[in-house]
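Grab a pencil and pull up the model alongside its sequence. Here are a few exercises, each with a worked solution.

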Amino acid sequence: MTTDPLVVFTPSGKRGHFPVGTPILTAARQLGVDLDSVCGGRGICSKCQITPSYGEFPKHGVTVSEDALSEWNAVEQRYDDKRGLKPGRRLGCQASVQGDVVIDVPPESQVHRQVVRKAAAARAITMDPATRLYFVVVEEPDMHSPTGDLERLERALREQWKIEAVTADLSLMSKLQPVLRKGKWEVTVAVHKGHKDPVARIVEIWPGLHEGGLFGLAIDLGSTTVAAHLTDLETGEVKASSGLMNPQIRFGEDLMSRVSYAMMNPGGDQEMTKAVREAINDLTTSIAEEAGIDASLIVETVFVCNPVMHHLLLGLDPVELGQAPFALATSESMSLPAREMDLTTMNPRAQIYILPCIAGHVGADCAAVALSEEPGKSEDLVLIVDVGTNAEILLGNTSRVLACSSPTGPAFEGAQISSGQRAAPGAIERIEIDPVTKEPRFRVIGSEKWSNEDGFDQDIATTGITGICGSGIIEAVAEMRIAGLLDESGLIGSAEQTGTPRCVPEGRTHAYLIYDSSAEGGPRITVTQGDIRAIQLAKSALYAGARLLMDEMEVDRVDRVVLAGAFGAHISTKHAMVLGMIPDAPLDKVSSAGNAAGTGARIALCNIGSRAEIERVVREITKIETAIEPKFQDHFVAANAIPHKTDPFPELAQVVTLPAPSFNTGGGETEAGGGRRRRRRS
């Protein structure tokens, strides 16, 4: 057994043991980690910047000491002096392994950068924002009427716009007099009044008529990705959508890993809070640049997030969320100034609104989905599943709405998969397997062509084929089941059993070979038995959560299913049903809502009445806690089968025929989806 230090890379999850003194860049290249470098490791290009993390990492099984990397050297100091490195950053070509270490590769250091596929869906929203522009003519000062400029501005707003009272921060007061005089007593003010605010607040002022617009951000802060929509507060138009990886991934891929990090590392929660706030500041700057606007015109932001992200965003300790009774510090909506959260790249007087949480494991993101999809107004029984690292599930109609969350884990995002990666150019995102020849064809992000079509090689000449992302692994497993390469238990057959040499031995099990360019130094992309198991665990958790809500509602079928979230928008309904991710339903009654949480955030940003509405709705939703429900485990175990051990899925049977092979011959020990089966002694 090796005694060499363990190096774990996030967000890829790739790991390996390397001798002391190995440069991080070398370790990354040997593991196939996406870490950029163009200068040959001379510390000139700065492309290989990395962020080491220190402390206890139960998820990765390591403790990282402060001396896990070599000391800061002269090359790094020279680069920092000339161009600057963010605090905590190192150059991967200069920092070398000295002990077990967890290394985060930030987005800007990745060759194939994450494609955050949470675009804004078209949606008709009645505009009634909390922040509005008002043009006013202010009375000039008079020796005989000794009132201040703010008081005369307040009077102008009252007389010309019926705004009864306003207040202003000291930072606004400092620019009030110069702006009034520059505008010759004609100014435009941005006034914010929340639905619970007793008086309005002036957040910005411009001389004359301001025609540069007024903007807000709707941010869906997820466990894995942060997606933002820059929205015009006058028209509701989305000017730009952008996103990035949540940098907290380096502290743990799933929520409980991050809670554990906070438990075991004093100050760990503040580390994670700082990381995500810095990421939001960077995202604000980049999305403003993309839209060609001044970031100071962003005067309001609405956040939706799960409870752990909610607490870490606000700087609240999430430890109580990791143990029963999963108590939130607060479940109410919150309104506060951006400066209190160190969000400094938007307008200095910008206001923040965070939607209410539903329960300890059902957060503001689920509330946003409820606001967007309105299950409580549905005449038929609708199941809404927001698929992600932590899935939020709603079931309801006009009579009642239920909600729960389910810990699906990061497999749907391509993590914990042998050839898995985040969604980036070069990643396989679609796949089909011929049920007769067992041959695959696939599409990769960055090309619209299938791998067996003319022009495919030219399309991917720049990106290549690098791995398989979440939607790709889901379709691969479902296609393997349809093609008879996989039995109901999740066991992959041998070449003799399946009739294809693509089923190759791997230890005591088998793997299905999708693509192999190892002879040219490229990747060898397979679906292994371990990959199948990871997907089974994720989909079983999703299904079990949905079934718990159906049990509470006392129903065996739902009328329709809505798949929400970026992942839900990029997977076919047939493949979701073949896997048994969701309960059986007519395929024409299974639809995608895109990024419903992001849509809910935009609604709350653009319509102040919707904030009061969702605060009312949340109080009426019945919360089901999967962590303490005994039936959850029963449903979970039954759902390990593909599509399911006890549910016959009659609607699916009308669309696709699933072979019923059994590759467990009883001859020795095998590892299938249901775990190990040992040879019985006679």
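## Exercises on a helix and a strand

**Exercise 1.** Which elements do the buried residues of helix 3 pack against?

**Solution.** Keep in mind that this is a predicted model. Start with the neighbours: the contacts go to strand 8 (131-137), strand 9 (166-168), helix 4 (170-182), strand 10 (186-192) and strand 11 (200-207). Next, list the residues making them: Asp-149, Leu-150, Arg-152, Leu-153, Ala-156 and Leu-157 are the buried ones in helix 3. They span an arc of only 165 degrees around the axis, so they sit on the same side of helix 3.

**Exercise 2.** Check the length of helix 3 (residues 149-161) against what you'd expect at 1.5 Å a residue.

**Solution.** With 13 residues, the helix should span 18 Å. Now compare the end C-alpha atoms: they lie 18 Å apart, which agrees. Step just past the helix and you'll meet Lys-162, with a positive phi of about 60 degrees.

**Exercise 3.** How many residues of strand 19 (residues 391-396) are buried?

**Solution.** Count them up: 6 of the 6 are buried, so the strand is largely enclosed by the rest of the structure. Then sort by direction: Ala-391, Ile-393 and Leu-395 point one way, while Glu-392, Leu-394 and Gly-396 point the other. That fits the usual pattern, because side chains in a regular strand alternate between the two faces of the sheet.

**Exercise 4.** Find the bridge partners of Gly-396 in strand 18 and strand 20.

**Solution.** Take strand 18 (residues 382-386) to begin with: it pairs antiparallel with strand 19 over 5 bridges, and Val-382 is bridged to Gly-396. Strand 20 (residues 401-406) also runs antiparallel to strand 19, with 6 bridges, and here Val-401 stands opposite Gly-396. Finally, look at the connections: 4 residues lie between strand 18 and strand 19 in their hairpin, and a hairpin through 4 residues joins strand 19 to strand 20.

Note on methods
Residues numbered from 1 in each chain as written. Predicted model: local features only at pLDDT ≥ 70, side-chain atom pairs only at ≥ 80, totals over all residues. Heavy atoms only, no water. Helix = DSSP H or I, 4+ residues; strand = E, 2+ residues; numbered from the N terminus. Expected span 1.5 Å × (residues − 1). Buried < 20%, exposed > 50% of the residue type's maximum accessible area, 1.4 Å probe, protein only. Arc of directions from axis to C-beta. Contact = heavy atoms within 4.5 Å. Pairing = 2+ DSSP bridges.
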